[in-house]
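Visitor: Could you show me how to read a model like this one, feature by feature?
Guide: Gladly; let us look at it together.
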Amino acid sequence: MYQQYYYLCQPQLTCLEAISDSANAFAYYLIPIMVVYSHHKRQDLYFQWIYRAFTFLIVLVNTFNLIETWIFWRPDYWLLGLFKAIAASSSVGAVILLMRSLPQFLTIPNLTELKQANQQLEQEIKERHLAEEALRESKERFHNAFDYAAIGMALVGLNGSWLQVNHALCEIVGYSEAELLAKTCQDITHAEELETDFDYVRQLLAGEIRCYHIEKRYIHKLGHVVWIMLSVSLVSDIHGQPLYFITQIQDITERKQAEQTLQQQAYIFENISDGVVITDLLGRIIDWNRAAENMFGYTKAEIIGKTLGLLHKPEESSVLTQQIINELHTSNRWAGEINFVRKDRTQGVCETVFVPLYNENGQPSATIGVNRNITERKQAEAALQQANEQLTSWVQQLEQRNHEIALLSQMSDILQACLTLEEAYKVIAQLIQPLFPETSGGVFIISSSKHLVEVVTTWGDSTLASKTVFSAKQCWALRRGRSHLSTSDEQGLHCSHIEESFVGETLCVPMMAQGDALGMLHFHDPEAGKFTAAKQQLASQVAERVALALANLRLTEALQQQSIRDPLTGLFNRRYLEESLEREISRAQRSHKHVGIIMMDVDNFKSFNDEFGHEAGDVVLCELGDFLKKQIRKADIACRYGGEEIMLILPESSLEVCQERAERIRQTVKLLDLRHQRRKLNSISLSFGVAMYPEHGLTGAAVIQAADTALYIAKNTGRDRVVMAQSPVSVY
């Protein structure tokens, strides 16, 4: 109050005081405004009542200052005192409330603690994300392992329904995934296996076992039996309630067939009429059959572990054993006659063949000897020689026959060792010449068209008495299916392929295999009367062995072709494609040439299959394969890449030639007349992707990828078009 009086005494200071108080009031009023605004923006702050009380107190004190300024002109001191009392009581109340709230306020975490808590929270969130990512990767690995497992895998419902199956299982049972999901396990299980299966499932559900493994039979979609190894385990929820079964199915059909084969071989081993002896490399007997027991007089229990010397004369044992070992080391086979001693000390003679047995590493681990008891035959031969010398000629003939049989056996062995028909043709003449030393002749083969017969090899010094190429109808032996003998001094039936000027006699012997004529053996001797009944019989035996060997080689070559060709389209398969592409690229790299790749795909093939059926789709692929064989050069390679995708390899072709070839195929394939079961099918169109080595890749995989990318573009830009690969790489 005295201050006001002082200012009243000095009016020039009144204005200064009023301005200062007004400025302070303005500043102090801004503080609660900012506090209210902050409180509005941050509703999550602790002790919000403090902000409200603080705002009220500041407004009250600031209003008190304004009233002090007001009383300069109008001295309402009662109003000033009232506001001072209110401000004082509010301050005291605020202090009391602050003191009471101080312990609670001190519990609020400081900034460091908040930062640590925030870091801990971030770490927990990060760990949770990592756990979620690990769980996702685990699920993805499971699905990948499930879908692409080499063995069949499936999730099966408690009622036996298929919930999920992989591709390997579909291949095992022959059904598509959709077909299999529409069935139950019981539908494809062999009827004799159902009861056993149900019993194991009951034990699983009862908790008696955790899993089971059994060998059982499935019925393939085509109707045949498929042996499988089945492993089943039960999956339950966290409460122990069964959810479904996880099954693993492995195809063991080949193993079962091998077991059956082994059983058959064991049966043959025990029941064969020849005595079979198996020894280790030291000559100790490991096993032998019942025929050997009968031949040598020892039981299996008595002879196991003994050496072969027990069966031979003591003076011959060591020499004979060493001779057999040396022969096996040099030629892998020993054959001969052995004088043996039975358990009762009587002697006999057996015809024996020893061959080595190899382990899985290709090393000899044992020997097997096949013994045929020829004691009676030897005794009979000796008795005949002693009884009648007149039988000497017969013995000589027999020896000759044995020699011929040996040569025939040698011929069979060599022919069986031949790898190709061409190799067999080269050695046949050398093998036949010793059997018919005074004759000449040749081997004639019927062409695949069954119309022409052509010579493939000849032997002998004289000129061949037959034409080298003629019709199958010109040979009486081929027409009748039996040997035909012709002589030059008679007017009998002569084969029209025989030269009219021939001298002596000729013999034509058909080569038959499995009821089919493969060709003919032609013999010519300039002297008549050489082809006796025995020689004709020998010629027939030679023809039989040659025909059998050639038929086996043809079958081998056919199987080899099947291993590199797709059975449906007749085109090469993917394995042959990869080998051929690698070979052609290596050749092109050496000679700085180009290799073209054309990858094609049948447009809308799935829709075609859905409309006409998969058999019609197979007809389309088969017709497309035949069509492509006619469209490519001999040097080109057509392969089925997979599904309806086909790839052409064009060695030493330019980019323009590849593009023109693809365009021509694209246009002409639409002209194919496709029919299935007398029903005309829709015409097809193809999409093409063309790439070149080395322009679009320096490896086979890179060029294929470039062509596949171009094909993908062709499919996505409207189909029925040819697209060239992009992104060329540097050359050389």
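Guide: Let us begin with Ala 154, which is found in strand S1 (residues 152-156). Helices (H or I, at least four residues) and strands (E, at least two) are DSSP runs, numbered from the N terminus. This is a predicted model, in which local features need pLDDT of at least 70 and side-chain atom pairs count only at pLDDT 80 or more, while totals for chains, interfaces and linings use all residues. Residues are numbered from 1 along each chain as its sequence is written, and side-chain values use heavy atoms, with hydrogens and water left out.

Visitor: Is Ala 154 buried or exposed?
Guide: Buried means under 20% relative accessible area, exposed over 50%, and partly exposed in between (1.4 Å probe, protein chains only). Ala 154 counts as buried because its relative accessible area is 0%.

Visitor: Which residues is Ala 154 in contact with, leaving aside its neighbours within four places in sequence?
Guide: Contact means heavy atoms within 4.5 Å. With those neighbours left aside, Ala 154 touches Phe 146, Trp 162, Gln 164, Val 165, Leu 169, Phe 245, Ile 246 and Thr 247. Thr 247 lies 93 residues from Ala 154 along the chain, yet their C-alpha atoms are separated by 5.3 Å.

Visitor: What share of contacts in the chain join residues at least 24 apart?
Guide: Among contacts between residues at least 6 apart in sequence, the share is 52%. The chain has 23 helices and 23 strands, and 38% of its 732 residues are buried.

Visitor: How should I read a single helix, and which residues of H10 are buried?
Guide: Begin with the span: the expected value is 1.5 Å times one less than the number of residues. Helix H10 (residues 253-271) has 19 residues and reaches 27 Å from its first C-alpha to its last, close to the 27 Å expected. Then look at burial: Thr 253, Lys 256 and Phe 269 are buried in H10. The buried residues of H10 pack against five strands: S3 (211-219), S4 (225-236), S5 (242-251), S6 (275-280) and S7 (285-288).

Visitor: How many residues has the largest nonpolar core?
Guide: In soluble globular proteins, nonpolar side chains tend to be buried together. A nonpolar core is a set of buried Ala, Val, Leu, Ile, Met, Phe, Trp, Tyr and Cys residues joined through side-chain atoms within 4.5 Å. The largest one here has 35 residues, and those with the most contacts inside it are Leu 415, Ile 432, Met 511, Leu 521, Phe 523, Val 542 and Leu 550. Elements giving two or more residues to this core are H15, helix H16 (421-432), strand S11 (440-446), strand S15 (505-513), strand S16 (516-525) and helix H18 (533-564). H18 gives the largest share of this core, 9 residues. A second, separate core of 31 residues includes Val 602, Ala 616, Leu 624 and Val 669.

Visitor: And the empty spaces: what volume has the largest pocket?
Guide: On a 1 Å grid over the protein atoms alone, a cavity is a set of points where a 1.4 Å probe fits but cannot get out, and a pocket is an open set with protein on both sides within 12 Å along at least five of seven lines; lining residues have an atom within 4 Å of a point. Grid points are joined across faces, edges and corners, and a volume is the space filled by probe spheres set on the points. The largest pocket has about 720 Å³. Its lining has 21 residues, with Glu 351, Arg 377, Asn 402, Ile 405 and Ala 406 nearest the centre. H15 supplies the largest share of this lining, 10 residues.

Visitor: Which residues line the largest cavity?
Guide: They are Val 277, Phe 296, Leu 308, Leu 311, His 312, Ile 338, Phe 340, Cys 350, Phe 354 and Asn 371. The largest cavity holds about 80 Å³ of space, and S8 and S9 each supply at least two residues of its lining. The structure holds 2 cavities of 30 Å³ or more. The second largest cavity has about 40 Å³ of space, and helix H19 (residues 574-591) gives the most to its lining, with 4 residues.
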